[in-house]
Amino acid sequence: PGQKSFSLVWPSLRRMEVVRNAEILSEPVVMRGEVVKGFGRGSKMLGIPTANLPEASLAQLPSDWRTGIYFGWATVGGKGPYKMVTSVGWNPYFANKTKTVEPHLLHEFREDFYGAEIQIAMTGYLRPELNFDGLESLIAAIKEDIEVSSRALDQPRHMALRKLAQPQGG
Ligand code: ADP
Ligand code: RBF
Ligand code: MG
């Protein structure tokens, strides 16, 4: 049973860590912009597309806003709100030179929506951006972020904040 308990214990420890940090923000941050092109790594390398916000929109972040993985709600072209999880920072795994804000929407879109107006409301914080020993670990972490965020956003106190992502600000 020694080995078996290891494989059972590790995933639950990791999960507990992330859940503990899935906290609601006392001051949610709303951002908007037109979806721009990035390096195209999201869909191609990770299988997880992210709708990058323009660099200029970073000015909408409070100056002391910490980088990391956030979650909340997003509307695109007036549709939604959809659940979303957003990476804010330099993607340490890829050592990016510029800071990006990249929301992944928990919704299947039939087509790309480059150029569309996106509005995101970051209402919760999950974890800092991390480096990983390989692409597989990064992908696994992102998938867990998506699961944890989705469950957190089902809670009434998060549902109540959906209106923050409305195009007019709500
Ligand atoms: P890029 O580096 O150009 O951002 P990605 O591989 O991250 O490329 O793909 C992002 C694009 O995929 C978005 O700009 C959007 O048009 C499209 N897309 C399709 N489905 C989604 C989704 N569920 N969440 C975010 N973007 C999506
Ligand atoms: N990149 C990292 O280098 N480290 C991370 O911890 C990390 N976490 C992410 C979590 C989520 C939910 C998402 C959507 C992206 C994350 N990324 C992270 C960014 C990822 O590297 C980036 O989206 C791709 O490189 C495509 O631009
Ligand atoms: Mg992207």
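A polar contact here is a pair of N or O atoms within 3.5 Å. With that in hand, the walk through this predicted model can start at ligand 2, where an oxygen atom of the ligand sits 2.7 Å from an N or O atom in the side chain of E102. The pair falls inside the cut-off, so it counts as a polar contact. On the other side of the bookkeeping, a nitrogen atom of ligand 2 lies 2.7 Å from a backbone N or O atom of L130. N91 joins in as well, with a polar side-chain atom 3.5 Å from an oxygen atom of ligand 2. The protein wraps up 98% of the 540 Å² of accessible area that ligand 2 has on its own. As for the elements that give two or more residues to this shell, they are α2 (41–46), β3 and α3 (135–153). In total, 19 residues are found around ligand 2, and those that come nearest are N91, Y93, E102, R127 and L130.

Ligand 1 is next. It too has 19 residues around it, with G38, G40, S43, F113 and Y114 the closest. Three polar contacts can be picked out, each to an oxygen atom of ligand 1. A polar backbone atom of S43 is 2.6 Å from such an oxygen. For Y114, an N or O atom in the side chain lies at 2.7 Å, and for N52, a side-chain N or O atom lies at 2.8 Å. On its own, ligand 1 would expose 560 Å², of which the protein buries 94%. Two elements, α2 and β4, give two or more residues to the shell around ligand 1. Strand β4 supplies the largest share, three residues.

N52 also turns up at the metal. The magnesium ion (ligand 3) is coordinated by the OD1 atom of N52 and by two atoms of T50, O and OG1, at 2.1 to 2.2 Å. How buried or exposed are these two residues? N52 has a relative accessibility of 10% and so counts as buried, the limit being under 20%. T50 has a relative accessible area of 26%, so this residue is partly exposed.

Now for the sheet that β3 and β4 belong to. Five strands make up an open sheet in the order β1-β5-β2-β3-β4, with antiparallel pairing. The edges are taken by β1 (23–34) and β4 (100–105); each has a single partner strand, so one side of each is left without a neighbour in the sheet. On average, and ignoring direction, neighbouring strands of this sheet are turned by 30° against each other. As a reminder of what holds such an arrangement together, strands of a sheet pair through backbone hydrogen bonds, either parallel or antiparallel.

Strand β3, residues 79–89, pairs with β4 in the antiparallel sense over six bridges. Which residue of β4 is the bridge partner of T86? That partner is P103. Elements of this pair have already come up at the ligands: β3 gives two or more residues to the shell around ligand 2, and β4 does so for ligand 1.

One last stop is strand β2, which covers residues 68–76 and includes T75. With a relative accessible area of 2%, T75 is buried. The side chain of T75 reaches the backbone oxygen of A165 at 2.6 Å.

How values were computed. Residues are numbered from 1 along each chain as its sequence is written. Chains are lettered from A and ligands numbered from 1 in the order in which they are written. This is a predicted model: local features need pLDDT of at least 70, side-chain atom pairs count only at pLDDT 80 or more; totals for chains, interfaces and linings use all residues. Side-chain values use heavy atoms; hydrogens and water are left out. Donors are N, O and S atoms within 2.8 Å of the metal (3.2 Å for Na, K and Ca); water is not among the atoms, so sites may look incomplete. Buried means under 20% relative accessible area, exposed over 50%, partly exposed in between (1.4 Å probe, protein chains only). Two strands pair if DSSP finds at least two bridges between them. Helices (H or I, at least four residues) and strands (E, at least two) are DSSP runs, numbered from the N terminus. Axes are lines fitted to C-alpha atoms, for helices over the stretch in contact, and angles run from 0 to 180 degrees between N-to-C directions. A residue is near a molecule or strand if one of its heavy atoms lies within 4 Å of it. A polar contact is a pair of N or O atoms within 3.5 Å; within protein, one must be able to donate a hydrogen and the other to accept it, and residues adjacent in sequence count only if both atoms are side-chain atoms. Accessible areas come from the Shrake-Rupley method with a 1.4 Å probe; for residues, only the protein chains shown count as cover.
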